[in-house]
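Dear colleague,

Please find below the structure that I am handing over to you, with its sequence. My findings follow directly after it, and I would be grateful if you could read them with the model open.

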2 protein chains.
Amino acid sequence: MKNLTKRQEEILNLIKAHILDLGIPPTRADIARSLGFKSPNAAEQHLRAIEKKGFIKILSGASRGIVLNDNENDQIPVIGLVAAGGPILAEENIEKTIPRSNNLLSADVDYYLRVKGDSMVDIGIFEEDLIGVSKSANMKVGSVVVARINNEVTVKTLIEMSQNKVVLRPENQKYDDIIINPQVEELAIEGSCIALLRESI
Amino acid sequence: MKNLTKRQEEILNLIKAHILDLGIPPTRADIARSLGFKSPNAAEQHLRAIEKKGFIKILSGASRGIVLNDNENDQIPVIGLVAAGGPILAEENIEKTIPRSNNLLSADVDYYLRVKGDSMVDIGIFEEDLIGVSKSANMKVGSVVVARINNEVTVKTLIEMSQNKVVLRPENQKYDDIIINPQVEELAIEGSCIALLRESI
DNA sequence: ATAATTACTGTAATTATATACAGTATATTG
DNA sequence: CAATATACTGTATATAATTACAGTAATTAT
């Protein structure tokens, strides 16, 4: 997707604002009026350019037929089983996507991860729950994190983290702490858990 | 807001679907085509009726000028502490509201209730969690329900329900079953729990 | 250097769309 | 029992809107 020029971006923002405000896209004349063009054709040509760059779709013949294309950012992926090898967010791991909604849970959730196993039941994280994971949230000792140990993805509490010793604790008395030397074993902390969804009780 | 007729509701749903699908409202002709009307005027008159009842606004002169009057139904209330006496959904109990989003959790959630206490930790319901409550979902033995006993609101598992004996079980070994005779004590089952949200881990 | 892109004006035709007016028929409400 | 609401057909028209064609001028890419 090529970059828009300053003017094109201005027009795209105008379209978004119009939709947000009135619920319907603007006409060419609306755009021309808003930006002071004396010809609706100026708007038409800008729209063509914006369409060519992939940001909108123009429905030919339809009035106000401007469809925004940029909604993939509004969808948060739900990750089911993580295939060994590839990155967590690889296409094949995405079970479904759910629309991001502003106030519902934190805006920092980058993806949801479906919980497998019972290793975190003591802090109320159950099998099949969806954990909201942030890749950027600051993670400190005590955080619940998504870790990847030798290509296996797991959710645990981070207890200790130093150059040659990382301790991950399952929150279930049945299981023992996992102690790893990151210089020997492959370890990556993928993100930290900041929210939880349970779709059925 | 008056009730819509079956046909009017059908048309309103069509409008919503059209917007969801294409991002723009339908024209009168679109509606007529979809429903098999032979005259666009049939659609026009329905729109007038729906506007009169307050569900939409028609922007006169504008093509596709159908604006949905967002009903407050799109906001789901979050109930904090429930004041004694009044109904759960009373104004003073509403801590905040969150927008309903289509695919995220079930559409049947009527309100969220903030959990107090640790009586349900064994099934992963913790203090401060938000429980999605449905007033209409069918509740059977084994369901987690929101109950009101002598004006106190509580979340428990429904174990038995007959004319003169209702058993509610806290999911925490520390606590004993609550056995109530609804003919002696005041008891109301307000809804059943169908989802869970945890805003911080 | 030349072509393509950006950013417009200006005019005009065609089509898309809203909407008025005139009816028909049935159901519901005061 | 009359008035109003519901649920349409059918025709017509003004206007809203897309979109083609013909230009001008500056900037940017090849």
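In this predicted model, a side-chain N or O atom of A:Asn41 lies 2.9 Å from a base nitrogen of DNA strand D. Two further polar contacts of DNA strand D involve its phosphates. One is made by A:Arg48, which places a polar side-chain atom 3.2 Å from a phosphate oxygen. In the other, a polar backbone atom of B:Lys38 is 2.9 Å from a phosphate oxygen of the strand. The elements that supply two or more residues to the surface near DNA strand D are α3 (40-52) of chain A and, from chain B, α1 (6-22) and α3 (40-52).

Taken as a whole, the surroundings of DNA strand D comprise 25 residues. The closest of these are A:Gly61, A:Arg64, B:Thr5, B:Arg7 and B:Gln45. By class, the surface near the strand has 13 polar, 7 charged and 5 nonpolar residues. On the side of the DNA, 75% of the strand D atoms within 4 Å of the protein belong to sugar or phosphate, and the rest belong to bases.

I turn next to the interface between the two protein chains. Chain A and chain B each bring residues to the contact, 33 from chain A and 33 from chain B. The size of an interface is often expressed as the accessible area that is lost when the parts come together. Here, about 2700 Å² is buried between chain A and chain B, and carbon and sulfur atoms give 65% of that area. Across this interface, 9 residue pairs are in polar contact, both residues being at pLDDT 80 or more, while the count of salt bridges between the chains is 0.

On the side of chain A that touches chain B, the elements giving two or more residues are β2 (66-68), β4 (94-99) and β11 (187-198) of chain A. The largest share, 6 residues, comes from β11(A). By class, this side of chain A divides into 22 nonpolar, 7 polar and 4 charged residues.

Strand β11(A) also pairs across the interface. It is joined by 3 bridges to strand β11 (residues 187-198) of chain B, and the two strands run antiparallel. Within this pairing, A:Leu197 has B:Leu197 as its bridge partner in β11(B).

With kind regards

Conventions:
Residues numbered from 1 in each chain as written. Chains lettered and ligands numbered in written order. Predicted model: local features only at pLDDT ≥ 70, side-chain atom pairs only at ≥ 80, totals over all residues. Heavy atoms only, no water. Contact = heavy atoms within 4.5 Å. Buried area = accessible area lost by both parts, 1.4 Å probe. Salt bridge = Lys/Arg side-chain N within 4 Å of Asp/Glu carboxyl O. Polar contact = N/O pair within 3.5 Å; in protein donor to acceptor, adjacent residues only side chain to side chain. Helix = DSSP H or I, 4+ residues; strand = E, 2+ residues; numbered from the N terminus. Nonpolar A, V, L, I, M, F, W, Y, C, P; charged D, E, K, R; others polar. Pairing = 2+ DSSP bridges. Near = heavy atom within 4 Å.
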